[in-house]
Amino acid sequence: MSLLFVFRFALRLCRPYWGSLLLIAACIVVETAYVAVSPLSFQYLIDDAFPAKDAGLFALVLTLLVIGGAFYLGAGIVSDRRLAKVNEQAVYDLRAQLFRHIAGQSEDFHRRFDQGSLTNRLTSDVSAVDRTISGVLPRTFRELLALLIGLSLLFHLEWKLALAMIAGFVLLFASPYVLQRKAERSSERYREENDAYIGIIDEVLKGRRVVKGMNAAAYILGRVERRLASLQTAGIRVTFVYALLDRIPQSAFLALNAAMIGFGGTLIFQDQLSVGSFIAFFTIFLSAGQSVSSLSQVIPSLIEAGVSFRRIAEVLQYRSPLARPSEPKPFEGVREGFRFRDVAFGYDEHALALDGVTLAIPAGGMTAFVGQSGSGKSTALQLLLRFYDPKRGSIEVDGIDLRELSETDYRRHTGVVFQDSFLFNGTVYENISLSRPGVAESDVRAAAEAARIHELIERMPEGYATLVKDFGGNFSGGQRQRIAIARALIGSPRLLVLDEITSALDPSTEAEINELIESFRGERTIVTVTHRLASVTNADLIVVFRNGTVAETGTHRELLARGGLYAEMWEKQHGFVLSGDGFQAKVEGERLSRLPFFRGIPFEQLDSMSDRFVTEKYDAGHTVVRENDPGDKFYIIVRGRVSVEKAGVRVAVLEDGDYFGEIALLKDIPRTADIVTVKPTVLLSLRREQLLELTAAYPSIREVLERTLKERMK
Ligand SMILES: Nc1ncnc2c1ncn2[C@@H]1O[C@H](COP(=O)(O)OP(=O)(O)OP(=O)(O)O)[C@@H](O)[C@H]1O
């Protein structure tokens with residue numbers, strides 16, 4: 001079954017080159033026929049020419065052999081050359097088809113095929129196609145043909161011997177047939193292990209700074225070694241099964257060889273076969289046996305190819321669940337605005353990330369999606385970008401469902417900037433003009449000027465030809481974001497979508513980027529996702545998400561006046577002062593008074609407590625607190641995000657204004673969880689000893705603390 005699939009797949013790939021295929025097939029017929037027929041010369045030489053000393057017949061046989069040899073050589077060269085060309089063309093077509101297909105996929109596709117798996121399919125599996133078309137299939141065709149011609153000749157020479165031989169050949173094929181499923185399974189397993197291994201290499205290379213900075217080499221090595229061990233186990237299994245596939249037919253062939261000599265010898269003794277016929281028979285038998293042995297050797301390669309071909313077909317056959325209208329409507333800009341109507345969406349069957357979201361986004365205004373981590377704001381943005389379609393309800397622009405729009409038009413008029421602006425390893429110019437290759441130089445400059453990065457680029461020795469290296473690693477975070485903004489602005493999109501674009505930047509760069517975004521207002525519809533409320537106080541509309549629903553909407557003032565979730569989040573994020581570079585933070589005494597366990601402590605005492613807090617600044621991936629370590633510090637998150645993890649499983653996410661470790665202020669209790677930063681994070685920490693110094697001066701602090709913490713721990 002899978003062998004047939006390999007032939008069909010390869011033929012489909014080579015179909016555009018059928019003329020060349022026919023020529024290759026004809027050449028192989030000539031080559032094979034010569035190799036198969038030439039042993040017949042022994043019969044004429046040994047039985048007729050040599051006993052009768054017939055020089056004429058001898059010269060004729062020799063001449064035919066030489067002429068046939070010349071044809072054999074010529075046909076071989078022609079078929080090799082054509083085959084090389086057809087193979088490269090077919091593999092080129094396949095690679096291009098795969099890239100075109102992947103480029104047009106939605107996010108669902110990347111959830112189905114992870115990065116390691118895709119990389120492996122695009123490299124190793126495509127190489128298997130290459131090997132199969134250039135080597136395995138022509139060899140199979142050649143050997144099958146040789147076997148067919150050989151068998152016909154053998155029947156012509158001595159049918160009894162030929163019949164006995166066929167019975168032996170069947171045995172030769174039996175073992176590969178029996179082992180085929182097992183070989184396929186072990187090969188599939190090996191590929192999956194390899195996918196995972198490639199995935200981990202990718203992860204290690206991308207996360208190398210975190211690994212080095214965090215001294216996490218031992219942890220990473222442990223993971224790599226576990227992966228390698230699984231890969232090794234799968235490798236041993238697959239190598240052994242394939243060795244068996246090779247060895248069993250070889251051994252069977254040796255046995256058959258002995259049987260042929262025995263049976264043929266008996267026929268000669270009984271005068272039923274001439275010596276010349278026996279030599280010719282045996283030479284053809286050896287050559288046919290060689291073909292059978294070759295065929296049994298290519299079977300493992302065909303099984304391997306079948307697995308690779310299936311993995312490629314899986315990618316090519318994946319159909320995006322995004323709706324594709326037969327007659328897409330044009331999109332020229334946002335005139336009235338967007339409307340979410342009772343939208344529900346889940347990344348999998350079991351849970352909804354958004355449920356019953358109804359909201360209106362005005363055209364030409366700035367709308368901010370805010371909410372706690374996991375509330376659904378980024379999901380809403382991804383639906384707006386049509387990375388996914390809603391499972392229920394609809395999203396409309398100017399009254400037209402996004403699913404009915406031309407996706408190309410929609411994307412052409414949409415600019416997007418993400419938190420981690422991925423820059424490609426090309427020039428700055430190429431990065432900015434990414435969505436419009438060949439755009440006028442003046443447009444690239446205009447976009448860079450609008451993103452206020454033009455002057456900096458001009459000051460670089462290579463200007464716009466400066467190479468972006470290491471995916472943007474040779475630029476600062478702020479510069480990367482400005483290049484990404486310029487890239488989003490190219491072609492003057494009518495919709496600008498910003499997903500947490502300042503969350504990895506220091507406060508002064510964040511302020512500059514926010515000011516920059518402010519300058520775009522009025523020209524286009526802007527939708528921004530942020531968890532930092534201070535950056536969107538001027539937004540025309542703020543949409544507050546909670547657990548996948550819209551909790552409230554309004555302007556900053558309206559929402560504060562309402563005293564709901566937004567007001568609560570605002571209160572939490574307020575009361576900190578942070579230096580422009582983000583290295584010095586301070587919490588106001590009034591802010592401390594809003595922490596439940598400091599409630600009731602006089603402001604004056606809290607002010608002196610606030611001076612004792614120390615600023616700690618970490619990149620993403622830093623373990624601030626380790627489970628079971630002694631607890632000696634209390635922390636407040638000034639900005640950033642941390643993950644609370646128990647035994648490696650995330651149990652909560654804390655953000656700006658949240659705090660942890662308060663029990664440590666009074667008691668030396670071991671930490672109950674790991675706290676790991678997931679974004680660049682600024683913390684304020686207070687050591688227990690410093691608090692104790694303070695409580696010596698103000699005993700009332702200790703009383704309040706003990707009382708409230710006792711209640712919290714109940
Ligand atoms: N790619 C994904 N696959 C599966 N679940 C996801 C995926 N992305 C988000 N989710 C889940 O969907 C829910 C909403 O997540 P979403 O990212 O939209 O929230 P958010 O408000 O933007 O949070 P954050 O500020 O942390 O990004 C969460 O429960 C999250 O775990």
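A residue is called buried here if 20 or more other C-beta atoms lie within 10 Å of its own, exposed if 12 or fewer do, and partly exposed in between, with C-beta atoms placed from the backbone. The structure is a predicted model, in which local features need pLDDT of at least 70 and side-chain atom pairs count only at pLDDT 80 or more, while totals for chains, interfaces and linings use all residues. Residues are numbered from 1 along each chain as its sequence is written.

Start by colouring the domains, whose bounds come from an automatic or database domain assignment: domain 1 (2-317), domain 2 (340-413 + 493-555), domain 3 (422-484) and domain 4 (576-713). The centres of domain 1 and domain 2, taken over C-alpha atoms, are separated by 55 Å.

Next, select the ligand and the residues around it, each with its C-beta atom, placed from the backbone, within 6 Å of the molecule; among them are Y347, K377, H531 and F545. This shell divides into 3 nonpolar, 8 polar and 1 charged residues, where Ala, Val, Leu, Ile, Met, Phe, Trp, Tyr, Cys and Pro count as nonpolar, Asp, Glu, Lys and Arg as charged, and the others, Gly among them, as polar. Helix 11 (residues 377-384) gives the most to the shell, with 3 residues; helices (H or I, at least four residues) and strands (E, at least two) are DSSP runs, numbered from the N terminus.

From helix 11, follow the chain into the loop that leads to strand 4 (392-397), where R386 lies. R386 is not a glycine, yet has a positive phi of about 60°.

Now select I432, A486 and I542, which have the most contacts inside the largest nonpolar core, one of 68 residues. Such a core is a set of buried Ala, Val, Leu, Ile, Met, Phe, Trp, Tyr and Cys residues joined through C-beta atoms within 7 Å. Helix 16 (residues 477-489) gives the most to this core, with 6 residues. Because domain 2 and domain 3 both give residues to this core, it lies between them. Another core, of 59 residues, lies apart from it and includes C14, A280, L295 and L302.

Beyond helix 16, the loop to strand 7 (495-499) holds S492, a residue with a positive phi of about 45° although it is not a glycine. S492 has 15 other C-beta atoms within 10 Å and is partly exposed.

Finally, select helix 21 (residues 603-610), where Q605, L606 and M609 are buried.
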